[in-house]
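Here's a quick briefing on a protein–DNA model. Take a look at it first, then read on for the contacts.

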2 protein chains.
Amino acid sequence: METLLPKFDSVFSIDCVIFGFDDGELKILLIERNKEPFKDWWALPGYIVEQNESIDHAAERILYELTGLRDIYMDQFYTFGDVNRHPQGRVITVAYYAMIRLNGSKELKPVSNYASKAVWISVNDHPKLAFDHEKIFSRGFEKIRNKISYQPIAFELLPEKFTLTQLQQLYEVILSKKLDKRNFRKKMLNYGILKELDEKQKGVSYRAAKLYKFDKKKYSKLFQKELTFGK
Amino acid sequence: METLLPKFDSVFSIDCVIFGFDDGELKILLIERNKEPFKDWWALPGYIVEQNESIDHAAERILYELTGLRDIYMDQFYTFGDVNRHPQGRVITVAYYAMIRLNGSKELKPVSNYASKAVWISVNDHPKLAFDHEKIFSRGFEKIRNKISYQPIAFELLPEKFTLTQLQQLYEVILSKKLDKRNFRKKMLNYGILKELDEKQKGVSYRAAKLYKFDKKKYSKLFQKELTFGK
DNA sequence: TTACTTAGTGTAGAATATACACCTTATATT
DNA sequence: AATATAAGGTGTATATTCTACACTAAGTAA
């Protein structure tokens with residue numbers, strides 16, 4: 001174990017709150033640190049922004065290194081800049097969230113040099129986190145909870161083909177409350193951004209549900225109109 | 001990697017989009033730079049974050065240095081981290097917005113070392129800005145436009161006592177559209193966050209309007225309920 | 001065939017949003 | 001005093017959206 005705390009100037013880092021949905025549960029990707037400080041603690045995946053990369057690029061890189069996934073929608077949500085948030089010096093971190101499809105089990109890549117492992121852990125049952133990562137996580141969760149209320153971002157978390165019940169379950173875990181089935185379906189179908197497929201769920205031991213696809217074109221038409229106060 | 005975090009020649013800065021409302025116009029506070037790069041250009045007020053201050057503190061400090069105002073509500077809205085956004089090196093900037101009351105003319109303090117003057121300029125008619133400040137400004141404007149649709153933040157911009165017409169004008173300039181007088185009043189009064197005063201406007205050459213005050217207590221009760229999707 | 005489990009559907013009432021025009025009141029002018 | 005001017009202030013009918021609520025249909029497993 002190292003004891004000497006090095007001195008350094010200000011550093012930028014990125015931390016990622018990466019959400020996945022599987023088996024009715026909302027999960028986040030956590031790593032186990034293999035370095036001081038907070039060695040052996042769980043933490044959000046994150047790393048230093050390199051000198052010649054944009055912060056968006058850094059976020060994508062970190063996601064890629066951990067999951068092998070590219071071209072995932074990521075959004076910056078807050079920057080944490082308290083003086084003492086990192087015990088070794090001044091580190092300001094820009095937090096991003098991402099939402100990715102976990103089709104069954106999505107294997108995680110062996111992780112580079114700063115983590116011994118990376119796992120998907122249920123948001124409702126996650127361990128204590130290093131640094132101020134609990135704060136970052138909560139804020140990220142809050143962010144998607146708010147966002148889902150006015151933009152159906154939830155599709156990012158579902159497989160390409162999904163049932164309305166799966167969609168509703170996802171809303172329910174993000175919002176932490178039960179929704180009415182009929183009202184939910186009415187509202188979703190009314191948006192006109194779902195395409196009904198000629199296909200049904202397979203491998204279930206009860207009546208199979210219709211599958212739907214998300215219609216990206218209609219989505220952008222609908223939701224790029226800005227929010228309005230009304231006349 | 002060892003415990004030593006890499007040392008980069010990176011700098012954090014804060015940039016502020018400071019809104020004011022006066023005489024029916026929405027304004028922002030701009031400075032004229034007296035240093036290279038972008039000497040003599042207009043820019044958003046901003047400065048380097050010091051080693052031992054939080055980013056929130058830095059934002060407040062910058063606002064104070066320019067306006068002499070403290071305890072103003074400021075909110076971080078986005079962090080800009082493109083590699084080449086600053087011609088002299090890597091500068092990542094955290095952008096904040098603030099809204100302040102301009103009662104008639106609010107005099108600005110003589111500005112410290114990085115600006116020759118600071119002035120209020122109408123948002124609809126502002127000069128070209130240095131760095132990527134146009135992008136920062138637009139994003140900040142967008143932010144308050146969205147926010148005002150679900151939280152009546154506009155009160156920050158008005159004098160303590162105001163008329164409903166003033167409030168409506170402010171909404172109109174932020175949203176860039178005309179609103180219906182009766183519907184606007186109905187909605188605002190329904191929120192229950194306005195206190196009608198026993199006082200009228202003075203110094204106008206027509207029928208004076210009733211003055212209202214913003215009721216902070218009722219506001220927090222009402223708007224701390226989070227946004228919901230409904231049942 | 002029966003039991004089980006989830007899929008799928010409609011309607012009525014409440015609340016909210018929208019469209020729309022005229023009289024009132026205070027001041028300034030003659 | 002009378003008149004002109006300019007903004008203040010108000011109500012109602014219609015459309016739209018939100019909410020609450022319960023049963024039948026379809027497929028699978030025993």
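A search over all chains turns up zero disulfides, a disulfide being a pair of cysteine sulfur atoms within 2.5 Å. This is a predicted model, so local features need pLDDT of at least 70 and side-chain atom pairs count only at pLDDT 80 or more, while totals for chains, interfaces and linings use all residues. Side-chain values use heavy atoms, with hydrogens and water left out; residues are numbered from 1 along each chain as its sequence is written, and chains are lettered from A and ligands numbered from 1 in the order in which they are written.

**Cysteines**

- Cys16(A) counts as buried because its relative accessibility is 0% (buried means under 20% relative accessible area, exposed over 50%, partly exposed in between, with a 1.4 Å probe and protein chains only).
- Cys16(B) is buried too, with a relative accessible area of 0%.

**Salt bridges**

- Over all chains, the structure holds 21 salt bridges, each one a side-chain nitrogen of Lys or Arg within 4 Å of a carboxyl oxygen of Asp or Glu.
- One of them pairs Asp15(A) with Arg85(A), where the closest N and O atoms are 3.9 Å apart.
- That pair links distant parts of the chain, 70 residues apart: Asp15(A) sits in strand 1 (residues 11-22) of chain A, and Arg85(A) in the loop between strand 5 (74-80) and strand 6 (91-101) of chain A. Helices (H or I, at least four residues) and strands (E, at least two) are DSSP runs, numbered from the N terminus.
- Both ends are buried: Asp15(A) has 5% relative accessibility, and Arg85(A) has 8%.
- In chain B, Lys135(B) forms a salt bridge with Asp82(B), with the closest N and O atoms 3.6 Å apart.
- Lys135(B) lies in helix 2 (residues 133-150) of chain B and Asp82(B) in the loop between strand 5 (74-80) and strand 6 (90-101) of chain B, so this pair ties together parts 53 residues apart in sequence.
- Lys135(B) is partly exposed at 46% relative accessibility, and Asp82(B) is partly exposed at 39%.
- Lys161(B) forms a salt bridge with Glu199(B), and here the closest N and O atoms are 3.0 Å apart.
- This pair ties together parts 38 residues apart in sequence, because Lys161(B) lies in the loop between helix 2 and helix 3 (164-175) of chain B and Glu199(B) in strand 8 (residues 194-200) of chain B.
- Lys161(B) is partly exposed at 35%, and Glu199(B) is partly exposed at 31%.
- Salt bridges that share partners join Asp15(A), Arg85(A) and Asp132(A) into one network.

**DNA strand C**

- There are 20 residues around DNA strand C, and Lys181(A), Lys186(A), Lys210(A), Lys186(B) and Arg207(B) come nearest; a residue is near a strand if one of its heavy atoms lies within 4 Å of it.
- The residues of this surface divide into 12 charged (Asp, Glu, Lys and Arg), four nonpolar (Ala, Val, Leu, Ile, Met, Phe, Trp, Tyr, Cys and Pro) and four polar (the others, Gly among them).
- Helix 4 (181-191) of chain A and helix 4 (181-191) of chain B each supply at least two residues of the surface, and the largest share, four residues, comes from helix 4 of chain A.
- Of the strand's atoms within 4 Å of the protein, 43% belong to sugar or phosphate and the rest to bases.
- A base oxygen of DNA strand C is 2.8 Å from a side-chain N or O atom of Lys186(A), and a base oxygen is 3.0 Å from a side-chain N or O atom of Lys186(B).
- For Arg182(A), a base oxygen of the strand is 3.4 Å from an N or O atom in the side chain.

Terms used: Polar contact = N/O pair within 3.5 Å; in protein donor to acceptor, adjacent residues only side chain to side chain.
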